[in-house]
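I opened this notebook to record what I looked up in the structure, beginning with the ligand and moving on to the domains and the backbone.

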Amino acid sequence: MPDSHTTTVPFIPARLQRLRDLADNLAFSWNDQTLGLFAALDERLWHIVNHNPVRLLMEIDPGRLMQAAEDESVLSLYDAAVSRFDDEMGMEKTWFSQQYAHRKGHLIAYFSMEFGLHESLPVYSGGLGILAGDHLKTASSMGIPMIGVGLLYRVSYFKQFIASDGRQQAVYEGAEFSGLPLKLVTDEVRRPVVVRIPVQDREISVRVWKAEVGRVPLLLLDTDFPANRASDRIITERLYDADRTYRLLQELVLGVGGVRMLEALDLPVSIYHLNEGHSALLSIERMQQLTAAGRKWEEALSAVRESTVFTTHTPVPAGNEVFERERMERVLSARHRGILDHNGGSGWRLGQCADEEETGTFNLTILALRTSRKSNAVSVLHGDVSRRMWQRVWPDLPLENVPMDAVTNGVHAPTWIHPSFKGVFRRYLEESWHQHLDDPEFWSRMDAVPDETIWSVHREIKKSMLREVRRRVAALRDRNGEDAAAVCGAAGILGDDVLTIGFARRFAPYKRATLLLHDPERLKRLLGNEDRPVQFIFAGKAHPADSDGKQILRYLYEFSRDAGIADRLVFVENYDMALSRLLIAGCDCWLNTPRRPYEASGTSGMKAAMNGCLNISIKDGWWAEASDTAYGWTIGDDTQDPDHGRQDERDSGALYALLESEVIPAYYQRNGSPWSSRWVDMMKRSISALTPRFSTVRMLREYVGTCYFPNR
Ligand SMILES: *Cc1c(COP(=O)(O)O)cnc(C)c1O
């Protein structure tokens with residue numbers, strides 16, 4: 001079987017014996033020493049294998065490893081990486097063990113359709129997955145007893161290529177599981193653990209793979225093995241299958257399979273956390289088990305509610321998971337249907353309000369809301385929007401009493417802060433700066449860092465980012481068969497000293513990637529300004545089924561190839577976590593132009609902020625609560641026009657005015673110094689004010705205190 005975890009790693013010299021441990025735990029993804037070590041072993045191969053340490057060790061030339069074992073500089077990196085890893089894994093005094101000692105033995109199971117931990121484990125598509133990955137990473141360092149549950153996809157989310165006419169091409173690649181940091185979970189006699197899920201006329205078998213995220217295990221479910229018939233083997237083939245029956249089967253595997261798998265492994269879960277509604281069918285499974293054990297339906301419901309919490313992420317009605325009731329009747333086993341058919345069919349109301357009853361549909365967000373003790377949105381503004389959106393589930397309650405709070409998202413700082421800035425923190429704040437992530441007083445010490453240090457560190461990061469962007473643009477042009485002048489010309493695009501604004505996100509229409517292009521002449525004047533030029537870097541994927549998104553991307557790409565613009569506005573292909581890290585740390589500003597209030601939170605701006613990259617944003621999502629002229633700029637005000645054209649007109653006008661009269665002058669106001677002291681001051685404030693507020697440490701404290709263990 002190609003998948004079983006074959007230890008085909010070449011001989012590893014005794015002096016480097018722990019390399020395998022370092023490669024097998026995703027803690028490498030936020031540990032600079034470990035990342036530095038892998039790069040030092042074979043820099044070229046490290047890039048070829050897309051920063052995947054398991055493949056690096058499989059493919060590295062054994063001779064090189066022998067050499068490395070004698071190389072003092074590699075060995076000192078190795079020793080530092082191992083000791084950092086052992087510290088992290090062995091830490092006994094953690095935030096949780098100190099604050100919640102009496103909750104020892106509890107376990108939180110965090111269910112999500114996607115997890116974005118690192119580019120080498122491609123089981124994510126975007127923000128939702130990255131949030132889930134950051135959640136697990138943070139739980140590990142805070143000592144929160146957590147286990148992640150997700151699906152392992154055979155085909156990773158697509159690689160994006162842009163053709164010469166600007167059309168997006170999606171290329172799907174099969175993942176070879178043996179080359180991933182995963183182990184097949186087996187029982188005591190080393191047989192793979194398999195759980196079975198009943199569906200209408202058969203059972204689906206599911207096996208389990210385990211990834212280690214520091215101290216938190218992530219269990220990924222997989223149906224692609226011979227126990228299943230061919231049509232069931234492909235259930236876990238790809239993320240968010242477009243076929244509605246397959247999507248439902250995926251969500252059965254995640255929800256029902258997840259619960260059964262945790263039982264098979266004897267893991268005593270006390271809290272189930274549903275990250276989005278995709279896993280909500282787990283509540284039906286748990287109710288079914290409880291009623292089969294003799295509990296009344298109503299009792300089963302309240303027992304499930306007592307131990308379930310739910311996070312909703314989308315303010316767009318279409319983003320919520322809805323199935324035709326008829327399809328569910330066809331796919332679900334009699335057992336699960338029994339819960340819904342309870343009391344003459346009134347059980348179906350677990351996933352229905354009046355609208356759904358009328359249209360004969362079943363809504364997983366409603367199911368999640370009705371089977372959770374606690375539900376939350378992901379920013380304060382999104383909380384308001386969500387209470388309005390879901391008031392229909394509690395028609396008797398006034399809007400302000402709709403039971404839905406907000407836990408604003410955050411990001412895992414050690415993953416997203418550039419190694420050079422981490423060096424600044426180590427030097428000027430404290431060696432263990434990462435243990436003070438949510439302490440505002442600690443971060444106010446940023447004031448003491450010399451301006452020159454901030455500026456020179458940022459400038460180096462920016463230069464290396466621009467080098468990589470030019471390299472990628474050259475590669476794109478070359479692949480598309482452009483002439484030598486265009487390919488070589490890529491080396492001359494973008495200036496190192498030019499104000500650089502980044503925009504990288506999914507090309508969902510509400511994100512308005514082309515708001516900046518609303519008045520092309522006005523934009524061209526900004527780009528072409530001789531004294532105070534500005535340049536833009538765009539990246540992002542459109543969902544392959546989203547023709548509007550693809551159209552927007554194409555328009556933007558064509559515009560970027562217009563004569564006279566190409567060296568000041570570029571599009572970079574294949575936005576993923578690696579490109580994200582590069583851009584959020586290397587740009588001077590981060591642009592965010594959603595149509596309010598559709599951005600539930602947004603997290604890329606938080607990543608940027610912690611690297612001193614200043615936000616220019618619509619007052620939506622997280623920025624509605626973070627916005628402050630001390631460290632960023634807000635586009636327009638908080639009005640919402642039902643006429644989208646008029647809103648775009650107004651917001652783009654506000655954006656140009658902001659760039660012309662505030663952002664650009666602030667950047668170039670040098671007063672004889674090589675940098676603008678006002679700008680550097682804003683960078684420091686961005687880091688010091690926003691790191692403690694938007695780190696996942698603050699977020700996890702809130703989840704633990706208000707959702708997992710509200711009564712301590
Ligand atoms: C952070 C991140 C996102 C989410 O960013 P938004 O601001 O929510 O759009 C999406 N994709 C990647 C690769 C990221 O790193």
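Before listing distances, I fixed the term polar contact: a pair of N or O atoms within 3.5 Å, where within protein one atom must be able to donate a hydrogen and the other to accept it, and residues adjacent in sequence count only if both atoms are side-chain atoms. I also noted that this is a predicted model, in which local features need pLDDT of at least 70 and side-chain atom pairs count only at pLDDT 80 or more, while totals for chains, interfaces and linings use all residues. Residues are numbered from 1 along each chain as its sequence is written, and side-chain values use heavy atoms, with hydrogens and water left out.

**Ligand.** I looked up the polar contacts and found a polar side-chain atom of Ser604 at 2.6 Å from a ligand oxygen, an N or O atom in the side chain of Arg505 at 3.2 Å from a ligand oxygen, and a polar backbone atom of Thr603 at 3.2 Å from a ligand oxygen. The ligand taken alone exposes 380 Å², of which the protein buries 94% (Shrake-Rupley method, 1.4 Å probe). I then read the shell, counting a residue as near if one of its heavy atoms lies within 4 Å: there are 14 residues around the ligand, and Ile130, Lys511, Ser580, Ser604 and Lys607 come nearest. Helices H8 (127–142), H25 (577–586) and H26 (604–610) each supply at least two shell residues (helices being DSSP runs of H or I, at least four residues, and strands runs of E, at least two, numbered from the N terminus).

**Domains.** The assignment, which is automatic or from a database, gives domain 1 (3–90), domain 2 (100–153 + 182–409 + 702–708) and domain 3 (419–692). Domain 2 and domain 3 each give at least three residues to the ligand shell. For domain 1 and domain 2, I noted C-alpha centres 35 Å apart, with 15 residues of domain 1 in contact with 18 of domain 2 (contact meaning heavy atoms within 4.5 Å).

**Asn25.** This residue sits in the loop between H1 (19–24) and H2 (32–41), and its side chain reaches the backbone nitrogen of Gly214 at 2.7 Å. Asn25 counts as buried because its relative accessibility is 4% (buried is under 20%, exposed over 50%, partly exposed in between, with a 1.4 Å probe and protein chains only).

**Backbone.** Arg596 and Pro597 are joined by a cis peptide bond with omega about 0°. Asp266, not a glycine, has a positive phi near 65°, and it counts as exposed because its relative accessibility is 67%.
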